[in-house]
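Subject: A structure for you to look through

Dear colleague,

Here is the structure I promised to pass on to you. Please open it beside this message, so that you can find each residue as you read.

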Amino acid sequence: GGEDDGALSIAPQFSEKDFTLDVAQELGRRLGLAGFEVEYTRTNDVAVPLGDRSRMARTRKADLLVSIHANHASNTSACGFETYVLPPCGHTGTSEGSRLCTWQTGNRNDFQSTLLGFCIQRSLCHSQPERVDRGLKRQSYSVLRQTPCPSALVEVGFLSNRGEAADMRRGSWKAAQADAVAAGIVEYARRLAPLDAAVAQKRAADEQANAAWRAKIAAKASAVAASMLLVKS
């Protein structure tokens, strides 16, 4: 927003910032009807720094953050939709040449973010089977790294593709993307409680295993110390 137009379509000419605002507001209306409490990072043509978006999620105690984007590529035949979540710590993103990721705030919710991204991508696939499914991907984008709640970034289409850009201007097409993303979020919410229970069980088991390992190491160190004392005496 504001001075940052984002990606641009040449024919027909329009900007990512206007397109994504329309889709986000359509999405918000649908989620509101589904019983969600929705807040926006912006509701008009203003620039919002990436760090401020994560801070909004933190200060407003958001349960999830979804970032809506329009894609652009030098290959003008590229088309379709894709959803991104944060790579786990110690892994690279799925894009070629991605760097190894260190631990970030967003890694606290790796399991939940993956479920969120999966549900959104699958919903887009089911609602538009004629379009190209570019998959669920991982990349260390700022809004995913620093956001303290489950988060996903959705690229709903390519402004660099003439045919897809023409579709993206239509109100019905924007509504279809909003419908699909909203359905994915609703599905995520339905499946969240079982996931949280499984994650809690796994973390408890991990902690139990770690405690046993620490006790074994401590016992070994104690035995070595006792042996040294015996030798000395």
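Below I go through the salt bridges, two of the helices, the pockets and a few single residues.

Please keep in mind from the start that this is a predicted model.

**Salt bridges**

Side chains of opposite charge can pair when their charged atoms come close. In this model there are 17 salt bridges, and I describe three of them here.

The first pair is D179 and R30, whose closest N and O atoms are 2.3 Å apart. Because D179 belongs to helix 6 (residues 171-232) and R30 to helix 1 (residues 16-33), this salt bridge ties together parts that are 149 residues apart in sequence. D179 is partly exposed, with a relative accessibility of 41%, and R30 is also partly exposed, at 23%.

The second pair joins R131 to E164, with 3.0 Å between the closest N and O atoms. R131 sits in the loop between helix 3 (110-127) and strand 5 (133-138), while E164 is in helix 5 (residues 162-168), so here the parts that are tied together lie 33 residues apart in sequence. Are these two residues buried or exposed? R131 has a relative accessible area of 13% and is therefore buried, since the cut-off for that word is under 20%, and E164 is buried as well, at 9%.

The third pair, D206 and K202, meets through its side chains at 2.7 Å from N to O. These two residues are four apart in helix 6, so about one helical turn separates them. An α-helix has 3.6 residues a turn, so residues three or four places apart point the same way. D206 is partly exposed at 34% relative accessibility, and K202 is partly exposed too, with a relative accessible area of 41%.

Salt bridges can also share partners, and in this model such sharing joins E26, R29, R30 and D179 into one network. The pair of R30 and D179 described above therefore has its place within this network.

**Helix 1 and helix 3**

Helix 1 has 18 residues and spans 26 Å between its first and last C-alpha, which is close to the 26 Å expected at 1.5 Å a residue. Its buried residues are E16, K17, F19, T20, L21, V23, L27, G28 and L31. After helix 1 comes G35, which has a positive phi, near 100°.

Helix 3 also has 18 residues, and from its first C-alpha to its last it reaches 26 Å, close to the 26 Å expected at 1.5 Å a residue. Among the buried residues of helix 3 are D110, L115, L116, C119, I120 and L124.

**Pockets**

The largest pocket holds about 1300 Å³ of space. It is lined by 46 residues, and the closest of these to the pocket centre are E39, T41, L65, V66 and S67. Which elements give two or more residues to this lining? They are helix 1, helix 2 (50-59), strand 3 (65-71), strand 4 (81-85), helix 4 (142-145), strand 6 (151-158) and helix 6. Helix 1 gives the most, with eight residues. Sorted by class, the lining of the largest pocket has 24 nonpolar, nine polar and 13 charged residues.

The second largest pocket has a volume of about 190 Å³. G93, S98, R99, L100, C101, T102, Q104, Q139, S140 and R145 line it, and by class they divide into two nonpolar, six polar and two charged.

**Two single residues**

G1 is found in the segment before strand 1 (8-9), and it is buried, with a relative accessible area of 15%. Its C-alpha lies 9.5 Å from that of S15, a residue 14 places away in sequence. Apart from neighbours within four places in sequence, G1 is in contact with K17, R42, D45, V46 and A47, and K17 is itself one of the buried residues of helix 1.

S54 is found in helix 2, and it is buried, with a relative accessible area of 1%. Which residues does S54 touch, not counting those up to four places away in sequence? They are S142, V143, Q146, T147 and P148.

With best wishes

How values were computed. Residues are numbered from 1 along each chain as its sequence is written. This is a predicted model: local features need pLDDT of at least 70, side-chain atom pairs count only at pLDDT 80 or more; totals for chains, interfaces and linings use all residues. Side-chain values use heavy atoms; hydrogens and water are left out. A salt bridge is a side-chain nitrogen of Lys or Arg within 4 Å of a carboxyl oxygen of Asp or Glu. Buried means under 20% relative accessible area, exposed over 50%, partly exposed in between (1.4 Å probe, protein chains only). The expected span of a helix is 1.5 Å times one less than its number of residues. On a 1 Å grid over the protein atoms alone, a cavity is a set of points where a 1.4 Å probe fits but cannot get out, and a pocket is an open set with protein on both sides within 12 Å along at least five of seven lines; lining residues have an atom within 4 Å of a point. Grid points are joined across faces, edges and corners, and a volume is the space filled by probe spheres set on the points. Ala, Val, Leu, Ile, Met, Phe, Trp, Tyr, Cys and Pro count as nonpolar, Asp, Glu, Lys and Arg as charged, and the others, Gly among them, as polar. Contact means heavy atoms within 4.5 Å.
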